Structure formats: C-alpha cells, structure tokens
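Trainee: Could you take me through one part of this model up close? I'd like to look at the nonpolar core and whatever packs around it.

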Amino acid sequence: MDNNSNSPSDKQQASDNTSETSAASESTPNKPTKRIRRQATEAQLSNPFHGVKLAQVLERLVDYYGWAYLGDRVNIRCFIYNPTMKSSLGFLRRTTWAREHVEDLYLDMLDDKEADKKKGNDTTDTKHS
C-alpha cells in the first residue's frame, strides 16, 4: 500500500517539475540561442582583410593617401568630384571592379607601411650601433 501512496505524490512532483520548465520556456519563447564561435584558421588570420570592414579600408586609404591620390589611381567619380565616405562606400559595395581596385590599393598601402617600418628599424639599428 505504501507504493500506491508514494506514486501519486511522485507523479505530482514530476508534473510540477515539467510545469516549471515549460513555464520557463514560455517566458522566453523568442530568446535566440547562443552561437558557438569557431576559432579563426591560419589562412584567415594571415589574410589582411580578415576582420576589416570596407569602411575601415576606405578610411585608412583616405588618411594615408588622400582623396586626390585615390581619384588619380582609381578613376571613380565619387573619388574625384565631391568625395564623401557615404557615396564612395555605396559605389564600392555595388561595383565589384572598383572594390577590387581599392582592395589592391589597400594591399599596396600595407606593403608601403611595412617597408617604412623595416626601413625605420634599420635606421634606428644603425644609429645605436
């Protein structure tokens, strides 16, 4: 008889537990699941465009070269006449060939900066020697 008296209370406890979990899931029905991020691969980390947005690329190019030089190197009206970030980014996002030219300029800029850095390190080494 003890088994029969225990079974209704066990069922009641089990139903209470399920109602608590279902109530918790009902309170946040649209909660997005947490994304698990993968580690970046070596190829991604060695890519100079990894984690760099187009807006950042254009800002760095404008800071380094200026609009006039960009207009000379890449014949785009939005670089030559009344250049703005908004118009240039809109054009570059829509036009593949122009974006490729700008990306090539960015790679050249990174090479120039690295060469300047090495040149600067060589001159400092000779000064200290």
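Mentor: Sure, but keep in mind that this is a predicted model, and confidence varies along the chain: helix H1 (residues 2-27) is lowest at a mean pLDDT of 52, while H6 is highest at 94. Residues 123-129 fall below 50, and beyond near neighbours in sequence that stretch has 0 contacts in the model. For the whole chain, the mean is 77, with 68% of residues at 70 or more.

Now the core. The chain has 7 helices and 0 strands, and its largest nonpolar core holds 18 residues. Leu 58, Leu 61, Leu 70, Ile 76, Phe 79 and Leu 92 have the most contacts inside that core. Two or more core residues come from each of H3 (54-64), H4 (67-73), H5 (77-80), H6 (85-94) and H7 (96-128).

Phe 79 is a good place to zoom in. Leaving aside neighbours within four places in sequence, Phe 79 touches Leu 58, Trp 67, Leu 70, Gly 71, Val 74, Ser 88, Leu 92 and Val 102.

Follow Leu 58 back into H3, where the buried residues are Leu 54, Val 57, Leu 58, Leu 61 and Val 62. Looking down the H3 axis, those buried residues sit within an arc of 125 degrees, so they line one face of the helix. After H3 comes Gly 66, with a positive phi near 95 degrees.

To put the core in context, 18% of the chain's 129 residues are buried. Of the contacts with a separation of 6 or more, 53% link residues 24 or more positions apart.

Technical notes:
Residues numbered from 1 in each chain as written. Predicted model: local features only at pLDDT ≥ 70, side-chain atom pairs only at ≥ 80, totals over all residues. Heavy atoms only, no water. Core = buried A, V, L, I, M, F, W, Y, C linked by side-chain atoms within 4.5 Å. Buried < 20%, exposed > 50% of the residue type's maximum accessible area, 1.4 Å probe, protein only. Helix = DSSP H or I, 4+ residues; strand = E, 2+ residues; numbered from the N terminus. Contact = heavy atoms within 4.5 Å. Arc of directions from axis to C-beta. pLDDT = per-residue confidence, 0-100.
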